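Please open the model in your viewer, with a cartoon for the backbone and sticks ready for side chains. The tour goes from the whole chain to single residues, with a selection to make at each stop.

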Amino acid sequence: TNIPPHNLGEIIDALVQLIKDPETEDSKLISVVKGPDFPTGGELIYSDSIKDMYTTGRGSLTIRGVIHQEEINTWKGKHKKNALVVTELPYQINKATWIEKLADLVNTGKIIGISDIRDESDRDGMRVIIELKKNTNNDLIISDLYKKTSLQTNFGAIFLALINGKPVQLSLKEYLKQFLEFRELTVLKRTHHVLKQTKEKLEILQGFALAVKNIKKIIELVQSSENINEAKSLLEKKLNLTTTQSDAVLSMPIKKLTTLERTQISENIINLQDKKKSLERILNERKVLLNILEDEFTSLKKKYNTKRS
């Protein structure tokens, strides 16, 4: 598989579009995801190959480095020289290796018209200076750089993924749908887990609430019991407590009997009951789950998205 990197914001926009309309056509998604977005920059030569890649899952993309013409001052005096400045290289092209190969082409006479090559890159970005000789045809040099060096390269993309353990070549739409299914399953698993924890906490708090109301009876039952097991058994029978609740009640600290603690228990029960209903809605109503997915995607875009340069 060889999947080119993409722009986070565009992918999220396409995912949201599919959430709203699962039958969205490929052409609509391609208008949202305009093409790969390579982290090292460069220019993507737009052609039908991008459409083919997104509709079939396979294609070849042409990428060019970014180069522009400048007049630069020389160390010898006030005279200025024509130069080409490379500020971005195609994806996966090593700068040092590229400069070395370019110098070799110049030294062997395969590229004529270049007098000097300097790397002036710094923390603000890449800047490779290619000084030109007098009366050199700039366009011809640029053409040679594209043809004879890796300043222009092809990226062979194949959208291959393991689906149920088998390799499958996917279109953009199918790929996004597979990811949505994965995220939906993830949210369901997460919700089941949180719901289980919520029910456990609610069960214990309801046991506390019942114990506080019947504290005198509980004290009598515990005092009359020979051991902890008998006390648990009596609590479960007389007050209809679960095993979990009887364990919690027998371990309940005395501070739970204060007015403040009793009020807090009641408030927590109400909050947990509301949370339980909310979680059950996610599991029982797919529309609610999809709204959560959309909100999470939107939040990710807001936090991490960077626009194309």
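Throughout this tour, a residue is called buried when its relative accessible area is under 20%, exposed when that area is over 50%, and partly exposed in between, with a 1.4 Å probe and with protein chains only taken into account. The model is a predicted one, in which local features need pLDDT of at least 70 and side-chain atom pairs count only at pLDDT 80 or more, while totals for chains, interfaces and linings use all residues. Residues are numbered from 1 along each chain as its sequence is written, and side-chain values use heavy atoms, with hydrogens and water left out.

**The whole chain**

Select the entire chain and turn it along its principal axes, where the C-alpha atoms fill a box of roughly 110 × 50 × 30 Å. The radius of gyration, taken over C-alpha atoms, is set against a globule rule of 2.2 Å times the number of residues to the power 0.38; a compact globule of 309 residues would come near 19 Å, but this chain has 34 Å. Of the 309 residues, 36% count as buried.

Colour by secondary structure next, and 11 helices and nine strands appear, these being DSSP runs numbered from the N terminus (H or I of at least four residues for helices, E of at least two for strands). If contact is taken to mean heavy atoms within 4.5 Å, then residues 24 or more positions apart account for 64% of the contacts in the chain that have a separation of 6 or more.

Now colour the charged side chains, counting Lys and Arg as positive and Asp and Glu as negative, with His and the chain ends not counted. There are 49 positive and 41 negative side chains, and the centres of the two sets lie 2 Å apart, where the place of a charge is NZ of Lys, CZ of Arg, CG of Asp or CD of Glu.

**Helix α8 and its surroundings**

Select residues 228-238, which form helix α8, and show Ala231, Lys232, Leu234 and Leu235, the buried residues there. Looking down the axis of α8, you will find that these buried residues fall within an arc of 165°, so they line one face of the helix; the arc is that of the directions from the helix axis to the C-beta atoms. On the other side of α8, Asn229 and Lys237 are exposed. Add residues 215-224 (α7) and 243-250 (α9) to the selection, since the buried residues of α8 pack against these two helices.

Within α9, go to serine 246, which is buried with a relative accessible area of 0%. Residues up to four places away in sequence aside, serine 246 touches Lys232, Leu235, Glu236 and Leu241. Then move to asparagine 240, in the loop between α8 and α9, where phi is positive at about 60° although the residue is not a glycine. Asparagine 240 is exposed, with a relative accessible area of 66%.

**Two loops beside β9**

Select asparagine 164, which lies in the loop between β8 (160-163) and β9 (166-169). Phi of asparagine 164 is near 55°, again a positive value in a residue other than glycine, and at 78% relative accessibility asparagine 164 counts as exposed.

Is leucine 170 buried or exposed? This residue, in the loop between β9 and α6 (172-213), is buried, with a relative accessible area of 5%. To see what surrounds leucine 170, show Thr56, Gly57, Phe159, Ala161, Ile163, Tyr175 and Gln178, with which it is in contact once neighbours within four places in sequence are left aside. A distance label between the C-alpha atoms of leucine 170 and tyrosine 54 should read 8.4 Å, for a pair 116 residues apart along the chain.

**Distances across the model**

Lysine 213 belongs to helix α6 and is exposed, with a relative accessible area of 71%. From its C-alpha atom to that of isoleucine 50, 163 residues away along the chain, the separation is 70 Å.

Serine 143, in helix α5 (residues 138-148), is partly exposed with a relative accessible area of 25%, and its C-alpha atom is separated by 83 Å from that of serine 246, 103 residues apart along the chain.

Finish at lysine 277 in helix α10 (residues 259-284), which is exposed with a relative accessible area of 56%. Lysine 277 and leucine 195 are 82 residues apart in sequence and 9.3 Å apart in space, C-alpha to C-alpha.
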